[in-house]
Amino acid sequence: MIYYIIGSERMNLPADFMARMKTELGSEYDAFIAEYDKQPLQGLRANTLKIAPHELSELTGFCGEPVPWCESGFYYNGKKGGHAASAAGLFYSQEPSAQAAAELLGVRRGDIVLDLCAAPGGKSTQIACALDGSGMLVSNEITASRAKILCENVERMGITNAVVTNMRPDALAKHFRGFFDRIIVDAPCSGEGMFRKDAEAAAHWSLEHTYACAQRQKNILRSAFEMLRGGGTLVYSTCTFSREENEEVCAEFSKEFPCMKLKKTVRIMPHREKGEGHFAAEFVKEEETGKINIGCPQSADKETEKIYRAFERENLNVRLDGRFVSFGENLYLAPQNVPDLRGIKCLRPGIFLGEIRKGRLVPAHHLCMCLKAEDFKRTASLTEDELCAYRRGESVFRACENGFGAALYGGRYPVGWFKSSGGQLKNHYPKYLRG
């Protein structure tokens, strides 16, 4: 092991990694290794479903230099995940170089898109901004605990057209053959681009692990190929520098599937650009086919929809239309293009509207985060201290007409539900978010 100083901490860089990078980079090696004496770079993206990038910068004051390959991206210093603007879903913290892959995908309004390895949700939320409420996004994650985090980020960002699934790629492919216009595979990898920010990634690295990752990546790409329609675009990305996991995986994929034409590759290296490191490759499936229709789920019964409509009339100024879908007592509003979900482990088939209890709807956090301030009959613009108390789960004392309403950050941006009664805004902020 060779030691390098990261800020005030000392980390180990594997000798095999160093030797390989020296061979790979040649005269650039010294500049590359010098980056490990520097602090890791941090970034965020404005959630353009809710706010324009310049408005986020003006509102918060902590957005730094723009990220050159992402129009909504900024560099910044310091952790901002606990900021009220984050709770309002106005931005997503994402390492700057990781913002390049979803841009390469070239998403257009109306596209049907799959993020095959989606958690925690950086690329999914970026794709959702490009779709701008149109088309459909299927965000899949194989690990259940990570899929739960993915759901939380989908709801926080107010995404209305996402279906979150928890499936193996090969199992998902059996349901979605030739279905997607665009697919992104941000593959599990050896994580060499994470070394500067995550010493554990370096500690667990080995040459054998990179070879195992490459084999797994090729299997995932085979499943992605089956789900991509003819004429569709696939982007493969990793956060590693390994040629075995990047260029060599792409070369073998093209050889196995000659109709997959490699159009472009992007390599972000920390000594060349301001980013921790990322690789992305764009493929186009040259076979031309139409989209495959695979049915749609059964709609919720009329009585359940009536319960939601009653809540809507009492508490909202907007009418939501679409396909209402029930899973037990939970009610969802599915995207227009949602397929038949039988046999699929689906955690979130669209907007989670709420839970039916004793003939009434208890609204879900997701519904609140999908709406604008003007969509609520009742709102309360909270002070900074009140927002802190609200996010801890405390009630706020404020005169307000009885009923459900939205607590607002900055006078405009919903953070969560309250239920007003007797001069008190009773807290309905989700317990799993309090703190």
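1. Helix α6 is followed by aspartate 132, whose phi is positive, near 55°. This is a predicted model, in which local features need pLDDT of at least 70, side-chain atom pairs count only at pLDDT 80 or more, and totals for chains, interfaces and linings use all residues. Residues are numbered from 1 along each chain as its sequence is written, and side-chain values use heavy atoms, with hydrogens and water left out. Helices (H or I, at least four residues) and strands (E, at least two) are DSSP runs, numbered from the N terminus.

2. α6 is mostly covered, with 9 of its 10 residues buried. Buried means under 20% relative accessible area, exposed over 50%, and partly exposed in between, with a 1.4 Å probe and protein chains only. The buried residues of α6 include Gly122, Lys123, Thr125 and Gln126.

3. Serine 124 belongs to α6, which covers residues 122–131. Serine 124 has a relative accessible area of 1%, so it counts as buried. Setting aside residues up to four places away in sequence, Serine 124 touches Asp115, Ala118, Leu137, Ser139 and Leu150; contact means heavy atoms within 4.5 Å. Alanine 34 is 90 residues from serine 124 in sequence and 33 Å away in space, C-alpha to C-alpha.

4. Leu150, one of those contacts of serine 124, is buried in α7, as are Ala147, Cys151, Asn153, Val154, Glu155 and Arg156. Helix α7 (residues 144–156) has 13 residues and should span 18 Å at 1.5 Å a residue; its end C-alpha atoms are 19 Å apart, which agrees. The expected span is 1.5 Å times one less than the number of residues. Glycine 158, just after α7, takes a positive phi of about 70°.

5. The 8-stranded sheet is open and mixed in its pairing, with the order β11-β12-β10-β9-β6-β7-β8-β15. Its edge strands are β11 (260–268) and β15 (346–349), each pairing on one side only. Two strands pair if DSSP finds at least two bridges between them. Direction ignored, neighbouring strands here are turned by 15° against each other on average. β10 (residues 228–238) and β12 (residues 278–285) are antiparallel over 6 bridges. Tyrosine 236 stands opposite alanine 281 in β12.

6. Two helices lie across this part of the fold. α10 (residues 207–227) lies across β6 (112–115), β9 (180–186), β10, β11 and β12, and runs at about 155° to β10. α11 (residues 247–256) lies across β10, β11 and β12, at about 10° to β12. Axes are lines fitted to C-alpha atoms, for helices over the stretch in contact, and angles run from 0 to 180 degrees between N-to-C directions.

7. Lysine 218 lies in α10. Its relative accessible area is 17%, so lysine 218 is buried. Not counting residues up to four places away in sequence, lysine 218 touches Val249 and Glu252.

8. The second open sheet has 4 strands in the order β13-β14-β16-β17, with antiparallel pairing. β13 (323–327) and β17 (360–363) each have a single partner strand, so one side of each is left without a neighbour in the sheet. Neighbouring strands are turned by 35° against each other on average, direction ignored. β14 (residues 330–334) and β16 (residues 351–357) pair over 4 antiparallel bridges. Leucine 333 stands opposite isoleucine 351 in β16. Helix α12 (residues 302–315) packs on the sheet, touching β13, β14, β16 and β17, and its direction makes about 65° with that of β17.

9. Aromatic pairs come to 21. Rings of Phe, Tyr and Trp (its six-membered ring) pair if their centres lie within 6.5 Å; planes under 30 degrees apart count as stacked, over 60 as edge-to-face and the rest as tilted. Phenylalanine 176 and phenylalanine 180 have ring centres 5.3 Å apart and planes at 45°, so this pair is tilted. Phenylalanine 179 and phenylalanine 180 have centres 5.1 Å apart and planes at 85°, so this pair is edge-to-face. Phenylalanine 176 and phenylalanine 180 are buried, and so is phenylalanine 179. Elsewhere, ring pairs join Phe17, Phe32, Tyr36, Phe195, Trp205 and Phe241 into a cluster.

10. Two lysines have charged ends over rings. Lysine 274 sits over tyrosine 75, its charged end 4.6 Å from the ring centre. Lysine 285 does so over phenylalanine 225, at 4.1 Å from the ring centre. A charge sits over a ring if NZ of Lys or CZ of Arg is within 6 Å of the ring centre and within 35 degrees of the ring normal.
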